[in-house]
Amino acid sequence: MNLFWKRILGQMQSTSKMEAQFAVLNADFRRYVSIEESKELAEYRELFDKVKSADFKEKKRVLVNRKYKDTQEYRDMRKFEKLNGDRKIALYYETLQNPLLAEYLESRKRPEYMLLSKSNEVKKNPDLQRLKKFERSKEYKNYMRFHNSYVIKELESLREKVTTPEFQAANAFWSDPCRWDKTDEAALERRFNELAENEDIKFYEKTDGNKFARLRLYQQTFHDSFDWNSLNASRWESGFNYPSDKFVGNHSFTNEKQANNNGDNVSVYGGELSIYTRKERKLALAWDKVRGFVNHQFEYTSDVLHGTKGVCQKEGYFRAKIRFEGKGLTQAFWLTGEHILPHINIAVCDGKSIEVGTHWATKFEKKYTSTRITGLKLNEYYIYSLEWTAKELIWRINNIEVFRTTEGVPTEPLFPMLSAFIAQNQKGGEGVMQVDWIEAWCACK
């Protein structure tokens, strides 16, 4: 696969742009998830359902727009005030307090009351004169007009009503032009508006959560941006990792041209990991498939690192930002496990092209399926990634898918390896493999 035109025509995102976009996306995702799980968002959603409901809106419309004079409280209060302020009705109540009324009413119960109708008897008796005068007074006539009348009964009924705490509270509420602001519903609306202006909730509401669909599939299990100074302070170790301590991890192979240098060709500076391949003679322990371990003279030195302390997992997503420099040698980012096979080449550079693929074995033979990618500036940084599911393996360089296979999908946990070597058929040369960061993700449960 040739990526030259995809790179030239901009179909392949630049590494820096892709890295920046992912950093923003990841930061937004973390913020989005944090808000999604917050009590503020839960409260906002609950209030949203209430404040935006038809019942809530109708209640607010009534409370805000209804005029006081249209209420029963207004009508009752106005009628009470009108009756209670009537001069004749006031005179009626004054008359009720007049001792003459009680005396007169009492006299009507006695036989002497008949004397009030006889003028000659009235003239002779000062008490009868006083009662007769009261009987002819405006006060008494007014009393007779209202006594046991509907008007007085209505006034007393209204008086009883308007003096209750419930009526007074309702009347005070409806007579207040700012009544809405004092309701529980208004307090809910204010809290809703406050939350609606919360920067996190505004961010959440305007963000399309679908753009995080891929990130929701995985959770990060490993990240190294090489901010350490020595291998001892890292989660990497030099050499190969074998299941038994009886096997020597730091060794080379007689069918290669470099001595693996026990981590001495590894350096970290400025947040970058470098594995150097140098032209220098070295006598080193090497594995020979016929003789076993032997001392062997090499013309080059390089190194190999394994990351078993960092991550070892089945399936997931592996990514690294790497640049390759050098000719006549091979540099690689790969995954392996407790056994020689299976292992996956995420990015193997021979100085001319990138190879990706997977090695595995059946009962009858060893197999390797792979592809080569050309058209890259290999001395520049690219993001090499592998997506490993239960059914397939997918390789990408930056945003471009470069290979996909359903063959040779491992069923056991693997860990990352970083190495540089010179095969027998290669001329040999110096070079450096630089890694800016490396990370692994696993599928969310």
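The largest pocket in this predicted model has a volume of about 1500 Å³. Picture yourself at its centre: among the 47 residues that line this pocket, F253, E256, W334, I340 and H343 lie nearest to you. Strands do a lot of the lining here, with β4 (258-260), β6 (272-288), β10 (330-336), β11 (343-349), β12 (354-361), β13 (366-373) and β17 (415-421) each supplying at least two residues. The top contributor is β17, which gives five residues.

Now for the second largest pocket, with a volume of about 400 Å³. Its lining is made of 18 residues, and M18, F22, R214, Y317 and R319 are the closest to its centre. Two or more lining residues come from each of α2 (15-36), α15 (213-217), β9 (316-326) and β14 (382-388). Here α2 gives the most, with four residues.

Here is how the two linings break down by class:

| Pocket | Nonpolar | Polar | Charged |
|---|---|---|---|
| Largest pocket | 20 residues | 18 residues | nine residues |
| Second largest pocket | nine residues | five residues | four residues |

On to the cysteines. A disulfide is a covalent bond between the sulfur atoms of two cysteines. How many disulfides does a search of the whole structure find? The count is zero. C312 is in no disulfide, and the nearest cysteine sulfur, in C442, is 13 Å away. C312 counts as partly exposed because its relative accessibility is 44%.

And why is C444 not bonded to C442? The sulfur of C442 is the closest cysteine sulfur to that of C444, but at 6.6 Å it is too far for a bond, since a disulfide needs the two sulfurs within 2.5 Å. With 33% relative accessibility, C444 also counts as partly exposed.

How values were computed:
Residues numbered from 1 in each chain as written. Predicted model: local features only at pLDDT ≥ 70, side-chain atom pairs only at ≥ 80, totals over all residues. Heavy atoms only, no water. Buried < 20%, exposed > 50% of the residue type's maximum accessible area, 1.4 Å probe, protein only. 1 Å grid on protein atoms, 1.4 Å probe; cavity = no way out; pocket = protein on both sides within 12 Å on 5 of 7 lines; lining within 4 Å. Points joined across faces, edges and corners; volume = space filled by probe spheres on them. Nonpolar A, V, L, I, M, F, W, Y, C, P; charged D, E, K, R; others polar.
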